[in-house]
Every structure is written in C-alpha cells, then in structure tokens.
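Biologist: Please pick one part of this model and look at it closely. Then place it in the rest of the structure, with cut-offs for every term.

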Amino acid sequence: MAITTYTSGEQVEVYRFSIPATILIPLAAVFLQAWLPLRIHFFSIFDLPLLVVIGFATARRSPLAGLVTGGLIGILQDALTHQPIGLYGISKTVVGFGASSLGIKLDVENAGARFLLTIFFYVVHEVVYFMIARGLVGLHMAWSWPHEFLSGVANALLGVFVFLLLDYVKQRT
Amino acid sequence: MDVLGRYRNLIVLVGVLFAQVLGLAVQVKRTSDSEPTRLIRIWAVGAVTPLERMLVWVQTSTGNVWHNYFYLRGVRAENRNLKAQIERMSLEQVRMSQDADQARRLQALLAFKEQFISQTMAAQVIGSSGSEQSRSLYIDKGENNGIKPDMAVITADGIVGKVLHAYPSTSLVLLINDQSSGVGAILEKSRLQGILKGTSAGEVVLEKVMSDETVPPGEMVLTSGGDGIFPKGLLVGRVTKVGAGSDLFLNIRVRPAADLSRLEEVLVVTKIDERQAQPEQTGAARAVDILAERLPSVPPKPPENAEKGDTPESAAPTTPGSDAKPKALPPTSAGGASPAAVKPTKPAPDAGTAPMPPSGKPPVPKANANGADAVKVSPKKVSPEPVPPAVAPKPQSSVQDSPQ
C-alpha cells in the first residue's frame, strides 16, 4: 500500500532556474566573496557560495543537481585560493547532496526552516573541510565550536535574505 | 538493476567524491614546481577578475574625482606641514649621509655584498581569495607586465607577501600571515634570526628563536634576506607578545607593519641587484677628515677685509694643506638655511646605497595610482630623487692614508 505524506516527493514543489541564473548567480556569489572582504572586513566570516549551493539545492530538490552544483561552485571557489583544488569542492558536493535530499523530505519554504537548515549545513561544510584539510592536505587548522556556531548563525541570517532573492528568480516546473 | 536504480544518487555522490579526493591526492603528492590545475585556475581567475578590475577602476575614478576636484579643503595647511616635514627630513638626511659614507667605506674594506631594490612595479589590489584558509590577494599586474612567481610584494609601511602565481594579467600574492608563508626575519636590536610564519588564525609569529634569549615586546622585526625573496632590512613589524613556545623555542607574536587587511596598492619588487661596495666610489678618506665631518667646528674667522665688503667665502684660504680646511658645519635649526646650502658639496652617493632610516621603515615611494610605469626605488633610500650633496669634500691629498 503506497503511503502519501505531505513531505513526499510528489507533493513538494520542485523549482528550476534559468540558464543565465544558473551561471551568473554562482559567479556573482564567488565574485562577491572574493571582493567584499577587501572593503567590508568582517565579510570573510560569510560563505556566500555555500548559501547559493544550499538555496539551489533546496529549490531544485534533486540530489544529482545538488551535488553537481555544489561541486562546481566549490571548485570555482578553490581555484581562486592557493590551496589544492577540491577542498571546497568536496565540502560543497556533500552539502549540495544533503540539502537537496533534505529538501525532498522537509518543507524548506519558510524562513525558520531555512535558518536552521543553513546553520546545520554550514557546520557540516566546516567539518568536512576541516577533516579533508587536516587529513589529506596536512593543513594546520584550529577548530573552535563557538566560532563555528556563531559563524553558522551569521551565515544563516544572511542566508534568509539570499534565499528570498533566489525565490524571485526560481521558476516552477 | 533495481538496487543500482534505487541507490543511483548515492553511487553518483560516492563517485564524484572519489574523483575529487583522487584529484586532491594527486595535487598534494606532486611537487610545487608542476601545476596540474593551472588551467582551471586561469579559467576561474579569468571569470572573476575582470569584474573586480572594473569595479576597482570605477571606485578609483570616482575617488579621484572627489579628491582631486571637490575635496581640497585643508590642502594649504597640509602643504605647510609637508614643507616643515621636508625641512626636518633634510636635516636627518645630512646625518644619515655621513653614516652611509662611513658604512660604505667599511663595506668596501670587508668586500661586503649588499642587496638593494632596483626596480619595482606599482599594482592595485583587486580581489582576495575569499577564504579564511587562504590569505592571499589578487593584483592587477601579471605575466604580461613582467611579474613572476616569488617576487617580493611590499608597501611603504612594510612587507606584504610574495607573488605565488602569475597569470597573464593578474597575480596571486600570498600574504605573510598565511600559514604556508615563510619569511626569513631578524630582530633589529638583538640581531636574533628566526622564521616568520602565519597561523591559521591569520596572526604572524616569529619561530625558531631559542627560549633562553630575551626579546622585549616592541622590538622591530626586519627581513634577514635569508629567504632569497625579500632583500635584507625591510620592515616586517613589531613584536607584540613573547611567550614560551613548543620545544626550546619562544613563541613571538608580531604585528605586521603593513595593514594586511586594508591594502589597496602595493609594490612588486621586480628587480633586486647585488653588488659589492667599491672603494673608488667612495674615495679614500683619512681618519682626520672623517672626524672633521663629525665634529662641530668653529665658524671661520671673518677676514680683515670684510669691512671692505668682501664675503667670508671669497676670503677663505683655499690652498690645499692650509690650516683652514673645509669642515662640516653642525646642522642648523629647521628654520635656518638648508643643510645643502651650509655644507660644501660632494657628489651624491649612488641610488640604493643610502642607509635605512632609524625607524627601519623601508622608504618606498607611494605607489603610483595608475601603476603603469615601473618605479625605481631602493629600500635604503630616503627618496627616489638623488640624495642632495651634504657632506664635506675630501681634501685632495696625494698621500692615500688607509681609511679610519
């Protein structure tokens, strides 16, 4: 007997983004992430590309699209640093996959859910990055739960506004 | 097949992650000489930096219009202050020129080889890496402008970092507070050498200084020249905190002299020359002449025929070997005659061989806003202009006494 629930894949809204939006929004996010910290110094605690990955993934609700989007945005972000390419790529691949998978199960249309989701995936992103950076690349990194949590809250606050902006460009399938 | 279909997403995820981990492992394993990801980086930089360059151009242009045409309030007062500052610096320059002459003579005796910055290129900071784990900047000059990896990047305040990657029209500069950075450094007074490294938190520490040494907070840190990138003697920063470190070494925290978070323009050192001080450049000097330069002297007695309207200069004996040798006068006050005017003349020392100021600050000229042309500077030179004559001439003696 098939059980249909409110959160099943058949009942949740699935959105898509136009090709220009798919290309330009991640590019703009990476650009702003590289440019704004020079002008607004505290902006470096934000991870704008990560917010875009979460926003795209939860709107599309397709794990494959989520992991590909996350991977590409992460690699683009990696390419601007001097670290090996793949650190952000792997972290954002995981986040893209997780956010889209969770987007199928949960209602992520309201601001509260988005806020909590962003905190959760920010911490996931940082944990994955930390593990790869320490374990595979050999970077000396310090871990601080208060710092990560506060950064997560800051990113979640910004994320609520970023998701509202993305709502304007997403299209119902 | 059902299993594959059911777990398709998970299988793709594992495949993508595996591919990226593999690529990461290959990059980590390879030597730093080869750069397998250069193409990806060039594409990414090419996609992002044109917009950054355009925004910086708009920002600079707007700022120039404002500062050059509208915001001229206080320029007159500023001009007055600058003139007073020039007077003070001129006096200081006189003293330092004498020290430099003496240092050159000693260097010539020791066959000492010195490094100096002979050419720099002004560049504008157009972006950052955008990551706290990669403390680096993008500048608007690249391979097309002659920038190469491992060139030093400095400002008038102190060192900034080195060029890590040079792309066609931009370059990635690794800052000194990045944890993968390393700069040979020396403490100004104690002359203790160490390695300056960044931390994951973006701080700068001086490592490899033994724990039985005493390092007072506030001491200046200079480049030692041992890294082969930065010439010796450039200002790095000041010691802020000294504590016990791991093993037998001290944990010395340094505050960089250059504000690494607010950089707008930098100078890339495109050429460093090394040369040996030549005795013929400085000329032989007798100990008595050196002393004469340093000691204050009694002003020459007015000649008897002064009343007749002749000036003292015209009446002063000029015959070599006479008692009235030309001697340096002590520096006058700022309001008096300029040092160049009261001192007898001597050919100016070569560019790049003037001494460091007492502050240890590299006297690099302010970067040109357009940054198009290379600027010739020296880390040991007070200004790009030739040093004005300020030291007493050496008497033409046929006997070549050994210096000092």
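Modeller: I start with one loop residue, then move outwards to the chains, the core and the strands.

This is a predicted model, in which local features need pLDDT of at least 70, side-chain atom pairs count only at pLDDT 80 or more, and totals for chains, interfaces and linings use all residues. Residues are numbered from 1 along each chain as its sequence is written, while chains are lettered from A and ligands numbered from 1 in the order in which they are written.

The part I pick is Leu80(A). Leu80(A) sits in the loop between α3 and α4 of chain A. Helices here are DSSP runs of H or I with at least four residues, strands are runs of E with at least two, and both are numbered from the N terminus. Is Leu80(A) buried or exposed? Leu80(A) has 27 C-beta neighbours inside 10 Å, so it counts as buried. The cut-offs are 20 or more other C-beta atoms within 10 Å for buried, 12 or fewer for exposed, and anything in between for partly exposed, with C-beta atoms placed from the backbone.

What does Leu80(A) touch? Leaving out residues up to four places away in sequence, its contacts are Val30(A), Ala34(A), Ala44(B), Val45(B), Val48(B), Ser129(B) and Gly130(B). Contact means that two C-beta atoms, placed from the backbone, lie within 7 Å. Val30(A) is 50 residues away from Leu80(A) in sequence. In space, the C-alpha atoms of this pair are 9.0 Å apart.

Leu80(A) thus has contacts in both chains. Across the whole contact, chain A gives 36 residues and chain B gives 39 residues. On the side of chain A that touches chain B, the elements with two or more residues are α1 (19-39), α3 (63-79), α4 (87-105) and α5 (111-137). That side of chain A has 24 nonpolar, 12 polar and no charged residues. Nonpolar means Ala, Val, Leu, Ile, Met, Phe, Trp, Tyr, Cys and Pro; charged means Asp, Glu, Lys and Arg; the others, Gly among them, are polar.

Now the helix α3(A). Of its 17 residues, 13 are buried, so α3(A) is largely enclosed by the rest of the structure. Its end C-alpha atoms are 24 Å apart, which agrees with the 24 Å expected for 17 residues at 1.5 Å a residue. That expected span is 1.5 Å times one less than the number of residues.

Arg61(A) lies in the loop between α2 and α3 of chain A. Arg61(A) is not a glycine, yet its phi is positive, about 60 degrees. With 22 other C-beta atoms within 10 Å, Arg61(A) is buried.

Next, chain A as a whole. Chain A has 6 helices and 2 strands, in the order β-α-α-α-α-α-α-β from the N terminus on. Of its 173 residues, 50% count as buried. Among its contacts with a separation of 6 or more, 71% join residues 24 or more positions apart.

Chain B has 8 helices and 13 strands. Buried residues are 32% of its 404.

The largest nonpolar core has 103 residues, and those with the most contacts inside it are Val160(B), Val173(B), Val236(B), Val266(B) and Val268(B). Helix α2 (residues 48-60) of chain A gives the most to this core, with 9 residues. A core is a set of buried Ala, Val, Leu, Ile, Met, Phe, Trp, Tyr and Cys residues joined through C-beta atoms within 7 Å. Beyond four places in sequence, Val160(B) contacts residues including Val173(B), Leu175(B), Ala258(B) and Val266(B).

Finally, the strands of chain B. A barrel closes from 6 strands in the order β6-β7-β8-β11-β10-β9, with antiparallel pairing. The twist from one strand to the next averages 45 degrees, using lines fitted to C-alpha atoms (for helices over the stretch in contact) and angles from 0 to 180 degrees between N-to-C directions. Two strands pair if DSSP finds at least two bridges between them.

β9(B) (220-223) and β10(B) (235-244) pair over 3 bridges, with Leu222(B) partnered by Leu235(B). β10(B) and β11(B) (250-256) pair over 7 bridges. There, Ala244(B) stands opposite Leu250(B). The hairpin of β10(B) and β11(B) has 5 residues between the strands, and Asp247(B) takes a positive phi near 55 degrees.

Lys208(B), in the loop between β8 (204-207) and β9 of chain B, has a positive phi near 65 degrees. With 17 other C-beta atoms within 10 Å, Lys208(B) is partly exposed.
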